[in-house]
Amino acid sequence: MNSQVRKVNGFHLATLALLCTAFTPPAWALITRKGQEMRENRMRVNKWTGLAAALGLLSAASTPLWAETGAGLGNGIATANSPHNFATGSVGGIINDSGEICRVCHVPHDHARQRYLNGLLWNHEVSSQSYSMYSNTWSKTLTGTQSAQPDGHSKLCLGCHDGTVAMDTFDKYVGDGSNTMRNLHGLSIIGWFTDGANIDLRGTHPISIAFPAGETGDGKNFTDPTTATWSRGQTVAATLDNGKVQCSTCHDVHDQESVPGTHLLRTAQTTVEGGVPSGLCLTCHVK
Ligand code: HEC
Ligand code: HEC
Ligand code: HEC
Ligand code: HEC
């Protein structure tokens, strides 16, 4: 099975270049790299799902063919090619010699760096940056209580996803300064832009924020998080962190409760992904 998957993926990569060349209009050169990547991802999913189905490969390959785009697979982090499985893969090959999956982020015994103080037996360096948060000076209608800086689970994600920390800085290792997400995987950076000395999160959905008091439930602006559920059945409340919306509320880092083929999202955003348009947003917002 494994060699079959590898063969499929090898075929995928070789032919992808041709497909991209054939279907890429020149105007793409003018749009952002991020937009281009999203289009490429979509194209990979459509072309490859279609092609694989035509060749009868979907049932033969245990790993969906869009695995290499970084999209979630929904079967758990131990699945090969799951975005945060750094035991193998192109990013894992650079940042992780340990051969383990969990160790990049968690460790059973601290290695004298005291990263456990971030909770969850955390083993990865966190960022020392300060951030401009989405805030009341930015929006007059924002009323939920928000932390002054990202905290809880969001702080853990930003230890890689703000692009400033070398991703191989875990365990006792002091990482190679060039192995930041900015250098290795720039398309996954959150808050790429800076506001003076701060990393600017004003263009990111509010994080480390509670639901506004008195605004949840019937006839209110927000659904009740204790009864609203994500696609895979968890309640929204179960994915809050100290009652707050964090990165991990919308995304499942372990790729276990995420919708396959999405950016590790807990509910699909489109019909193509198997959901309803903006289904993720409408899980919380009554609009
Ligand atoms: C140890 C570093 C690290 C940590 C910590 C981390 N990530 Fe990631 N994440 C990555 C890397 C590297 C990738 C890109 C993997 C790939 O595509 O090969 C990634 C990919 C992703 C993707 C998929 C991107 C896409 O294009 O579909 C999402 C979503 C994501 N991470 C969200 C999170 C969230 C949310 C957290 C915290 C709950 C988190 N990550 C914690 C390193 C990290
Ligand atoms: C890329 C970083 C990353 C990797 C790799 C990772 N985790 Fe996590 N883990 C997190 C983050 C961030 C949280 C907090 C957010 C959450 O729970 O959604 C977390 C939370 C947890 C929790 C507590 C909450 C829960 O979901 O039960 C456990 C237990 C856990 N991880 C176990 C593991 C194990 C076991 C592995 C390896 C098979 C692993 N993790 C790999 C980042 C990671
Ligand atoms: C887990 C629940 C949840 C999900 C999912 C969610 N939001 Fe939010 N959203 C919130 C909360 C809580 C706030 C803070 C509201 C406040 O404090 O007034 C917020 C704030 C916002 C704001 C700022 C409102 C203001 O007053 O400035 C916008 C805009 C927004 N969300 C749009 C979206 C969109 C678009 C999506 C889907 C991509 C989405 N949200 C998904 C819970 C959620
Ligand atoms: C309210 C829900 C929500 C929250 C909170 C949220 N995201 Fe996302 N994220 C999304 C959606 C939806 C996408 C899909 C791409 C898009 O719509 O732009 C996405 C895309 C991504 C991607 C893929 C690359 C990209 O930019 O398209 C990464 C990586 C990511 N998020 C990481 C994070 C991190 C890290 C945090 C916390 C700092 C976070 N997200 C907070 C909803 C959320």
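The exercises below, each with a worked solution, concern a predicted model of a protein chain with bound ligands.

**Exercise 1. Establish which part of the model can be read with confidence, and summarise the fold of the chain.**

Begin with the confidence values: the mean pLDDT of the protein chain is 80, and 76% of its residues reach 70 or more. Next, locate the weak part, which covers residues 1-68, where the pLDDT is below 50, although this stretch still has 48 contacts in the model beyond near neighbours in sequence. Where pLDDT is low, the predicted coordinates should not be read in detail. With that caution in place, count the secondary structure, which comes to seven helices and five strands, and read the order along the sequence, which is α-α-α-β-α-α-β-β-β-β-α-α. Finally, take the overall packing: of the 287 residues, 34% count as buried, and among contacts with a separation of 6 or more, 52% are accounted for by residues 24 or more positions apart.

**Exercise 2. Compare the surroundings of ligand 3 and ligand 4, asking which elements contribute to each shell.**

Take ligand 3 to start with: 19 residues surround this ligand, and the closest are Ser 139, Thr 141, Gly 144, Cys 281 and Cys 284. Two helices, α6 (247-250) and α7 (279-284), each supply at least two residues of this shell, and α7 provides the largest share, with four residues. By residue class, the shell around ligand 3 holds eleven nonpolar and eight polar residues and no charged ones.

Then turn to ligand 4, around which there are 18 residues, with Cys 157, His 161, Ser 188, Cys 247 and Cys 250 coming nearest. Here at least two residues each come from α4 (152-161) and α6, and α4 gives the most, with four residues. The shell around ligand 4 divides into nine nonpolar and nine polar residues, again with no charged residue. Putting the two lists of elements side by side, α6 appears in the shell of ligand 3 and also in that of ligand 4.

**Exercise 3. Describe how helix α4 is placed in the interior of the model.**

First consider burial: nine of the ten residues of α4 are buried, including Leu 156, Cys 157, Leu 158, Gly 159 and Cys 160. Second, ask what these buried residues pack against, and the list is α5 (181-184), β5 (244-245) and α6. Third, look at the largest nonpolar core, which has 27 residues, of which Phe 86, Cys 157, Cys 160, Met 167 and Leu 265 touch the most other members. The elements giving two or more residues to this core are α3 (89-95), α4 and α6, and the largest share, four residues, comes from α4. For one of these residues the contacts can be named: leaving aside residues up to four places away in sequence, Cys 160 touches Val 165, Met 167 and Met 181. Apart from this core lies another, of five residues, among them Tyr 131, Met 133, Ile 199 and Leu 201. As for the end of the helix, α4 is followed by Gly 163, whose phi is positive, near 80°.

**Exercise 4. Work out the strand order of the open sheet, and identify which strands stand at its edges.**

The sheet has three strands in the order β1-β3-β2, with mixed pairing. From this order, β1 (131-132) and β2 (194-195) stand at the edges with a single partner strand each, so one side of each is left without a neighbour in the sheet. To examine one pairing in detail, note that two bridges join β2 to β3 (residues 198-200), and that these strands run antiparallel; within this pair, Thr 194 has Ile 199 of β3 as its bridge partner.

**Exercise 5. Decide whether Leu 121 and Asp 255, two residues with positive phi, are buried or exposed to some degree.**

Most residues other than glycine have a negative phi. Leu 121, however, has a positive phi of about 50°, and its place is in the loop between α3 and β1. Because Leu 121 has 14 other C-beta atoms within 10 Å, this residue is partly exposed. Asp 255, in the loop between α6 and α7, also has a positive phi, near 55°, but because 23 other C-beta atoms lie within 10 Å, Asp 255 is buried.

Key: Residues are numbered from 1 along each chain as its sequence is written. Chains are lettered from A and ligands numbered from 1 in the order in which they are written. This is a predicted model: local features need pLDDT of at least 70, side-chain atom pairs count only at pLDDT 80 or more; totals for chains, interfaces and linings use all residues. A residue is near a molecule or strand if its C-beta atom, placed from the backbone, lies within 6 Å of it. Ala, Val, Leu, Ile, Met, Phe, Trp, Tyr, Cys and Pro count as nonpolar, Asp, Glu, Lys and Arg as charged, and the others, Gly among them, as polar. A residue is buried if 20 or more other C-beta atoms lie within 10 Å of its own, exposed if 12 or fewer, and partly exposed in between; C-beta atoms are placed from the backbone. Two residues are in contact if their C-beta atoms, placed from the backbone, lie within 7 Å. A nonpolar core is a set of buried Ala, Val, Leu, Ile, Met, Phe, Trp, Tyr and Cys residues joined through C-beta atoms within 7 Å. Two strands pair if DSSP finds at least two bridges between them. pLDDT is the predictor's confidence in each residue, from 0 to 100.
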